[in-house]
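Reader: I would like a close look at a single part of this protein, taken slowly and with the values spelled out. Please take me through the contacts there, and then place them in the rest of the model.

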Amino acid sequence: MIEFDPTHRIWLLSTPASAYALRLDEDDTLCHAHWGRPLTLEQAAAVPRFRNPAESTFEHPREGEAELPVSGFGPSALQIRFPGGAREIEWRYDGHVVDGGHLTIHLHDRHYPLAAELHYRVREDSDVLERWTVLRHTGTDAPMELLRADSASWSVPRLPDYRLSQVTGAWSSEFRLRREPVPGGETVLTSRRGVSGHHANPWIMIDDGGAGEHHGEVWSTALAWSGSWRVTVHRSSAERLCWTGGFGHEGVTWWLGPGESLETPVFAGLYSAGGFGGTSRAWHAYITRHVLPAGSELRPVIYNSWEATGWAVTEEGQKRLAALAAEVGAELFVMDDGWFGARDSDGAGLGDWAPNPGKFPAGLDPLIAEVRRLGMRFGIWVEPEMVNPDSDLYRAHPDWVLHQPDRHRTLLRNQLVLDFGRPEVAAWAHGWLDRLVDGHEIDFLKWDMNRAFTEAGRPGSGDPGRVWIDHVRGVYDIMDRLRADHPRLRIETCAGGGGRVDLGVLRRTDEAWTSDNTDAADRIAIQHGYGQLYPARTMAAWVTDSPHFLTGRDLPLRFRFHVAMAGVLGIGGDLLSWSAAEREEAAEFVALYKEIRPVVQHGVQYRLGDPPLTGVQYVADERVVVLAWRLPTSFGVSPVPLRPRALDPDARYRDDDTGIVHHGAVLLAHGLPLDLPGTGYASALVRLTRLP
Ligand code: GLA
């Protein structure tokens with residue numbers, strides 16, 4: 001709900017359990033007034049203005065107050081160079097429009113032909129507030145240069161201390177959760193890589209250092225953008241905490257010509273009084289209902305051939321794997337890299353998207369027909385944004401890649417990045433993808449992206465900063481068109497694992513390849529970090545071979561399944577090397593997963609415990625599912641029991657496997673009875689049904 005008080009010139013945006021208020025100052029500066037627990041409009045108008053305890057001629061009078069800072073001594077959200085060199089913006093208020101839960105505030109510069117729209121959207125079923133900005137050149141003369149165009153800036157009430165939660169990592173170790181105090185001054189979180197990144201993810205959470213999994217106030221924001229980005233957190237000397245964020249890293253600029261406008265991506269914010277767990281659950285619900293294109297679907301069990309075959313794919317080999325995949329219960333068979341062009345390694349072939357005639361003499365259809373005959377859907381790996389120099393495409397169009405004149409073109413994984421901001425490149429990519437999906441019964445694309453940008457430029461373009469933004473928009477546009485034209489098509493986002501997972505790409509994809517690291521023990525931490533923001537419904541998780549190819553770790557099949565069953569279960573091992581007994585056991589786990597799938601994928605998630613004994617609980621109506629994992633410990637050590645959440649203390653719960661009936665109150669107080677023998681890796685699945 002959105003209310004406006006014309007006397008105090010204050011807007012109040014209310015969600016079920018939070019409120020956000022902003023105020024228009026005497027000089028038309030939009031100021032932040034409140035973000036936190038619910039308030040009435042009258043209460044919001046009474047919120048005192050922040051007073052800097054150390055006012056001086058060296059402090060800005062509006063320290064940390066502006067909704068979108070354009071000047072001052074903290075980081076600016078908007079930085080512009082007007083023709084003639086002026087840099088400051090002086091806004092004048094042009095009115096506002098409320099359309100349901102959508103508020104648009106119109107501003108224009110007092111002197112220069114620059115207009116802005118600040119957008120806010122709230123919904124009745126979510127505490128997430130979406131914000132974004134549109135800038136427009138309203139004149140007819142010279143262009144102006146945007147040096148920074150953030151989506152939104154945020155501020156929290158003064159707290160005794162500030163702590164930042166984020167995820168960091170690298171290829172195969174992404175989504176490592178870190179929580180650390182915010183230092184004084186500016187802390188920059190950024191990606192300069194052209195993708196949202198493995199090394200960081202464009203979300204942050206702020207608390208006072210005292211919030212926990214199940215309690216405390218947490219303010220969090222997440223950017224809906226899949227390219228390079230920047231969030232600057234500022235803890236001022238007056239102990240205000242503000243942050244500003246948007247697309248592009250430092251130095252990415254944009255020329256705004258007469259009549260042109262620039263729309264930023266959404267930077268969404270959430271206040272929760274329910275600790276980190278409550279924060280995650282609110283994001284999960286928002287993403288499922290309002291971000292994912294088909295959030296209400298159940299994701300199928302995938303078999304993916306990558307770890308089994310590498311690039312050595314053939315029609316016969318894939319058919320053999322498909323037969324076993326169907327036997328263990330896979331519902332979607334995905335052929336990974338290696339099926340096209342001269343693709344026998346990562347050294348050649350990217351860009352030549354026709355089936356390799358040696359591997360697929362009659363094209364893809366015989367394999368697809370066999371997969372369908374086995375009762376599975378068919379998916380295929382693509383990496384549309386990339387080209388190997390050793391390819392017919394690159395030989396024909398060496399100028400189609402991001403590059404700079406007279407500069408070296410750095411190869412990473414022997415490949416270069418195609419410039420999807422160039423219309424002819426985007427048309428080519430859309431053309432072959434459309435023909436691929438149209439001409440065959442393909443239900444699923446694993447859309448990969450395996451290198452960061454370097455020497456990102458488009459010679460002759462005159463506006464070199466645009467490539468960073470244009471590329472992402474080009475990718476989005478092609479995904480959107482493919483989905484619109486092929487309603488059955490589902491897409492998995494992948495960038496060498498979890499290098500491109502964000503609210504922007506999730507708007508046009510159905511699941512994410514979480515990490516190339518499929519070692520179940522390592523996955524526990526990766527999944528823990530992933531799930532801070534993103535729902536299990538999007539978290540693809542395969543069971544693969546043991547010992548693991550990356551870590552050499554040997555883990556029981558049961559443990560591998562129990563970890564992967566916490567997300568969208570898939571199988572990625574070489575089933576041909578599994579024994580009949582292992583395949584039988586796998587089939588039982590897959591069947592069990594299908595049984596608990598509605599609870600895991602559509603239920604409400606609670607994270608339980610601390611290492612060495614942790615778990616994840618999912619609740620949907622009367623059903624409760626817990627997956628618990630015990631890491632190696634010492635003889636005699638007794639891990640703290642896993643106490644479930646959100647049970648009715650007065651109800652009884654039947655264990656669906658043992659038939660034993662438990663009191664809710666006892667489970668809540670004393671934890672789940674888990675059978676975890678020995679001291680090594682051990683796991684359990686508990687299924688409970690609340691009795692009427
Ligand atoms: C990336 C993906 C893998 C696999 C390979 C294929 O690394 O993350 O899952 O698809 O590419 O080359």
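Author: The side chains of arginine 623 and glutamate 595 meet in a salt bridge, with 2.8 Å from N to O, in what is, it should be said at once, a predicted model. Glutamate 595 falls in the last segment of domain 2, which is made up of 302–517, 528–543 and 567–597, while arginine 623 belongs to domain 3, which covers 608–690. Across the interface of these two domains the rule finds 2 salt bridges, and it also finds 2 residue pairs in polar contact, with both residues at pLDDT 80 or more. Sorted by class, the side of domain 2 that touches domain 3 has 3 nonpolar residues, 1 charged residue and no polar ones.

As for the extent of this interface, 4 residues of domain 2 are in contact with 5 residues of domain 3, and the area buried between the two domains is about 450 Å², of which carbon and sulfur atoms give 62%. On the domain 2 side, Leu592, Glu595 and Ile596 supply 83% of the area buried against domain 3, more than any other three residues, and Glu595 is thus named both here and in the salt bridge with arginine 623. The C-alpha centres of domain 2 and domain 3, for their part, lie 37 Å apart.

The ligand is the other part to place. It is surrounded by 13 residues, of which the closest are Asp336, Asp337, Lys446, Asp448 and Asp516, and this shell divides into 6 charged, 4 nonpolar and 3 polar residues. Three side chains can be described by the distance from one of their N or O atoms to an oxygen atom of the ligand: for lysine 446 it is 2.7 Å, for arginine 413 it is 3.0 Å, and for asparagine 450 it is 3.2 Å. Of the 310 Å² of accessible area that the ligand has on its own, the protein covers 97%.

Key. Residues numbered from 1 in each chain as written. Predicted model: local features only at pLDDT ≥ 70, side-chain atom pairs only at ≥ 80, totals over all residues. Heavy atoms only, no water. Domains from an automatic or database assignment. Contact = heavy atoms within 4.5 Å. Buried area = accessible area lost by both parts, 1.4 Å probe. Salt bridge = Lys/Arg side-chain N within 4 Å of Asp/Glu carboxyl O. Polar contact = N/O pair within 3.5 Å; in protein donor to acceptor, adjacent residues only side chain to side chain. Nonpolar A, V, L, I, M, F, W, Y, C, P; charged D, E, K, R; others polar. Near = heavy atom within 4 Å. Areas by Shrake-Rupley, 256 points an atom, 1.4 Å probe, with all protein chains shown as cover.
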